[in-house]
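The exercises below are to be worked with the sequence and the coordinates side by side. Each task is followed by a solution in steps.

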Amino acid sequence: MSCLREIAFFKAKDVLETNCPNISRSESVSKVVSLLTSSESYEAIVINSELNGVVTVRDTLKVLNPERTSVARILFKPPSMGSDTPLYDVASALISNRIRIIPIVDNGSISGVVRQKA
């Protein structure tokens, strides 16, 4: 029970990851597949001058022509949260939206991501 009490006071910044791959929304799906393969990641942040969304390996599997399809056509927009968001709220958003990653945005720029761990 004491472990739950400790977790209750964690914030997103306490488990933030800063090494998430990122890609432009204009790149092809085949390019994001290469990026995800080389980085051994399941998700990439889609950024132009600001956060546009997230693309996942699962999203790429639905594409019939990955060389001609842009990332913009398959990205999704998960809720973004700030680094001071309670971890409970982040976990609730991951579960209720059935997603594995949430971008953490502070003052308009991406600080990192919080991922669901297996």
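**Exercise 1.** In what order do the three strands lie in the open sheet, and what kind of pairing do they show?

Solution. The model is a predicted one, and its three strands follow the order β1-β2-β3 in an open sheet whose pairing is mixed. The edges of this sheet are formed by β1, residues 22-23, and by β3, residues 51-56, each of which pairs on one side only. In general, the strands of a sheet pair through backbone hydrogen bonds, in either a parallel or an antiparallel sense. For β1 and β2 (residues 43-47) the sense is parallel, and two bridges join them. At the level of residues, I23 has V46 in β2 as its bridge partner.

**Exercise 2.** Decide whether T60 counts as buried or exposed, and list the residues that T60 touches beyond four places away in sequence.

Solution. Begin with the location, since T60 belongs to helix α3, which spans residues 57-60. The relative accessibility of T60 is 11%, and because the cut-off for buried is under 20%, T60 counts as buried. Leaving out residues up to four places away in sequence, the contacts of T60 are V29, V32, V33 and I74.

**Exercise 3.** Locate E40, and determine whether E40 is buried or exposed.

Solution. E40 sits in the loop that runs between α2 (29-39) and β2. With a relative accessible area of 73%, set against a cut-off of over 50%, E40 is therefore exposed. As a last step, compare sequence with space: E40 and P21 are separated by 19 residues in sequence, while their C-alpha atoms are 9.6 Å apart.

Definitions and conventions. Residues numbered from 1 in each chain as written. Predicted model: local features only at pLDDT ≥ 70, side-chain atom pairs only at ≥ 80, totals over all residues. Heavy atoms only, no water. Helix = DSSP H or I, 4+ residues; strand = E, 2+ residues; numbered from the N terminus. Buried < 20%, exposed > 50% of the residue type's maximum accessible area, 1.4 Å probe, protein only. Contact = heavy atoms within 4.5 Å. Pairing = 2+ DSSP bridges.
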